[in-house]
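Work through the exercises below with the model open. Try each task before reading its solution.

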Amino acid sequence: MKQIKRFLAVGLALCALTQVYALKADQLKWHSADTLPLYGTLAPDASQPYSRFPDSLETRLRPELWALGKNSAGLAIRFRSDASALGFKWKALNKFNMNHMTPTGIRGMDLYALDDDGKTWETVTSVRPLLNSHNTTTVAITDMKPVMREYMLYLPLYDGIDSIYVGVDSAAVLLAPDVNLPVRQKPIVMYGTSILQGGCATRAGMVHTSILGRMLNREVINLGFSGNAQLDIDVAHLIAQSDPSVIVLDMLPNCTKEQLQERLIPFYEVIRQVHPDVPILMVESPIFPIMKWNMETLETITQKNQTLKDIYDGLVTKDPNLFYYHGDRVLTNREGTVDNYHLTDLGFTEFANNMYPVLYELINLYFSNH
């Protein structure tokens, strides 16, 4: 009986908190995010503002790949404000849900702020979506000291955004960022699969691409397309049109051995023709925990990793700026997945920590040559 009363008390407290937040949401001043800098996109002029593909590719890409480009994985809005309370309202394109990934990662947003040291990004709060509606309006954080801070708002990983508004308390202002962090010049461009898109981080800022962006304080372009990183040549052209310091190719789990043999070298050559000395990092498939138990998966992934290594060995003799990342450096903790394939926050953190020194060296290599 005491336990039931305790649960009721907690429930009533949460209801009261929700009512306070709803009241405060009505009191906020709302500003469209359209005028704020959008990080992580190679399609700044797309008619759908939070798309990862330019409009010109709509008729060229496979429909499923084009649709995934509307997922806002890796995109982030930068702003500064002296608000004591911040709210957000947005419309999700699909109201998408999965049985192995949290709504905060799929359709929620994730707020970070630059720490007092002026270089470290600190988590502020997870911006949670409503489950039964495309539209969410929420007060994400209240009772902050009203001092000017630099913020970064990560957008949903596995759904798209139609529009976003940022709410501040009546005494506060909302402005464009004053600090060029993460550094936008010469971003890192990363191409890959559902893992690279963010499956299955609990919140948008916890995919390894975003963790690496904060660790390196450099913009990262997330070109992760769930189930569809199949070396489409138009994606290679899109990468070639960017101005990167490092390019990461991490598509192996989505490609067959035959696709690797047929498509990888043409994909690579499109990029190399435009960027002859930008470091390119080829990444093996992770050594997934399931490989200990499922012999077919073990054989398939082992063959694909070997195929990638054979292709790399043939190219690297003429390309000193081509590098290789072994799959056993992705996951060493076998508890880092949600389904023995897709990563949890633990897995993403480990992946980022393992890849960080490699990317750090490649960035330095690029700038030492320019």
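**Exercise 1. A surface patch**

Task: Which residues make the nonpolar surface patch of about 220 Å²?

Solution. Met-148, Val-173 and Leu-175 make this patch. Keep in mind that the model is predicted. Now take Leu-175 and place it: the residue lies in strand S10, residues 174-175. Next, check its exposure. Its relative accessible area is 32%. Buried would need under 20%, and exposed over 50%. Leu-175 is therefore partly exposed.

**Exercise 2. Helix H5**

Task: Is helix H5 (residues 208-216) largely enclosed or largely open, and why?

Solution. Start with the burial cut-off: under 20% relative accessible area. List the residues of H5 that meet it: His-208, Thr-209, Ser-210, Ile-211, Leu-212, Gly-213, Arg-214 and Leu-216. That is eight of the nine residues, so the helix is largely enclosed by the rest of the structure. Then step past the end of the helix. Asn-217 follows H5, and its phi is positive, near 50°.

**Exercise 3. The parallel sheet**

Task: In what order do the five strands of the open sheet with parallel pairing stand?

Solution. The order is S12-S11-S13-S14-S15. Look to the edges: strand S12 (218-224) and strand S15 (322-325) each pair on one side only. Neighbouring strands are turned by 20° against each other on average, direction ignored. Move to one pair inside the order. Strand S11 (residues 183-192) runs parallel to strand S13 (residues 246-250), and five bridges join them. Within this pair, Val-189 stands opposite Ile-247 in S13.

Now add the helices. Helix H7 (residues 257-274) packs on the sheet and touches S11, S13, strand S14 (280-283) and S15. Its direction makes about 160° with that of S14. Helix H9 (residues 345-368) also packs on the sheet, with contacts to S11, S12, S13, S14 and S15. The direction of H9 makes about 170° with that of S15.

**Exercise 4. The antiparallel sheet**

Task: Which strands stand at the edges of the second open sheet, and what does that leave on one side of each?

Solution. Write the order of the four strands: S1-S9-S4-S7, with antiparallel pairing. Strand S1 (29-32) and strand S7 (135-141) are at the edges. Each has a single partner strand, so one side of each is left without a neighbour in the sheet. From one strand to the next, the twist averages 25°. Finish with the partner of S1. That strand pairs with strand S9 (residues 161-168) over four bridges, in the antiparallel sense. Here Trp-30 has Gly-167 in S9 as its bridge partner.

Note on methods. Residues are numbered from 1 along each chain as its sequence is written. This is a predicted model: local features need pLDDT of at least 70, side-chain atom pairs count only at pLDDT 80 or more; totals for chains, interfaces and linings use all residues. Side-chain values use heavy atoms; hydrogens and water are left out. Patches are made of residues with over 30% relative accessible area and no salt bridge: like charges are joined within 9 Å, nonpolar side chains (Val, Leu, Ile, Met, Phe, Trp, Tyr) within 5 Å. Accessible areas come from the Shrake-Rupley method with a 1.4 Å probe; for residues, only the protein chains shown count as cover. A salt bridge is a side-chain nitrogen of Lys or Arg within 4 Å of a carboxyl oxygen of Asp or Glu. Helices (H or I, at least four residues) and strands (E, at least two) are DSSP runs, numbered from the N terminus. Buried means under 20% relative accessible area, exposed over 50%, partly exposed in between (1.4 Å probe, protein chains only). Two strands pair if DSSP finds at least two bridges between them. Axes are lines fitted to C-alpha atoms, for helices over the stretch in contact, and angles run from 0 to 180 degrees between N-to-C directions. Contact means heavy atoms within 4.5 Å.
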